[in-house]
Every structure is written in C-alpha cells, then in structure tokens.
Amino acid sequence: MESPDLITRFAASRDSTERARLAPSLPYITAAPPNPDLRVRLVATRSVLDSGDGATVRLIAGGEEWAFAAKAEPMLALLLEGAVHRLADLAQAAGITPAQAAGVVTELIEGQVVAIGAGQ
C-alpha cells in the first residue's frame, strides 16, 4: 500500500528520536544560572520547532519533546541555528528576563540537548 506522506512521517520520526551529541555543561550540569553572559548552544541534531496552536511552541530534540509558552519561540529559534548565544541575547529575542531564559535553558539541560558555559 502506497502512502503519500511516508517520507514526511519518516523524517518526523527521525527528528523525534535522534539523540543529542554529548557535550558537557560543566559546571552547570543541573541548572543554568541567570548570568546574562552565559553561553548557550543546542547540541541536538535534527531539532524541530513547532508553533502549532499559537499558545505554545513545541521543541522536539534529542529524542525528547518540550512545550513552552509561545513567547519562547524566538529564543528557541536562535538556538536551532546551532550557534553559541549569550543568555542575555536569547532573553532579549524572546522579550523575557535572563532569569526566565535560564529557566527554559535549565529544562533543556535536563534533557541534555544544550551545552552551557561561561566562555564556549
């Protein structure tokens, strides 16, 4: 039986199950402090950002899925670029405080899809 969306479903499956590259976030292995100069980088490959319902945005990365308030979307989009970003720049993009951005980053640290450090 032929399925016209087979490739799309296969890619989505891979996106949701591809594990992140291991990258230490020493000494921040459990939480990101609200330091505006903290450097943050997404280490998961094949990550997907879905702003489906408008109220929330879903990040699928490293075999995990997170739902954040839609306001976090610009911050997450920057991370998906793959470059290193200052926490202050991520917060500014989303119009939130560095402490709120650190909360988002902390959730992603727990999922091992971001690496953070003072001077990456």
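## A tour of two sheets and their helices

Let's start with the sheet built from three strands in the order β2-β3-β4, an open one with antiparallel pairing. You are looking at a predicted model. Select residues 48-50 and then 64-69: these are β2 and β4, the edge strands, each of which pairs on one side only. If you turn the view along the sheet, note that neighbouring strands are turned by 20° against each other on average, with direction ignored.

Next, pick residues 73-80. This is helix α2, which packs on the sheet and touches β2, β3 and β4. The direction of α2 makes about 160° with that of β2.

Now highlight β3, residues 56-61, together with β4: six bridges join these two antiparallel strands. For a single position to zoom in on, choose R58, which stands opposite A67 in β4. As a reminder while you look, strands of a sheet pair through backbone hydrogen bonds, either parallel or antiparallel.

Which helix lies across β3 and β4? Select residues 98-110 and you have α4, running at about 170° to β4. Keep α4 visible for the last stop.

Move on to the other open sheet, where three strands follow the order β5-β1-β6, with antiparallel pairing. Residues 85-86 (β5) and 114-117 (β6) are the edge strands here, each pairing on one side only. α4 packs on this sheet too, touching β1 and β6, and its direction makes about 120° with that of β6.

Finally, select β1, residues 39-42: four bridges join it to β6, and the two run antiparallel. Zoom in on L42, whose bridge partner in β6 is V114.

Conventions. Residues are numbered from 1 along each chain as its sequence is written. This is a predicted model: local features need pLDDT of at least 70, side-chain atom pairs count only at pLDDT 80 or more; totals for chains, interfaces and linings use all residues. Side-chain values use heavy atoms; hydrogens and water are left out. Two strands pair if DSSP finds at least two bridges between them. Axes are lines fitted to C-alpha atoms, for helices over the stretch in contact, and angles run from 0 to 180 degrees between N-to-C directions. Contact means heavy atoms within 4.5 Å.
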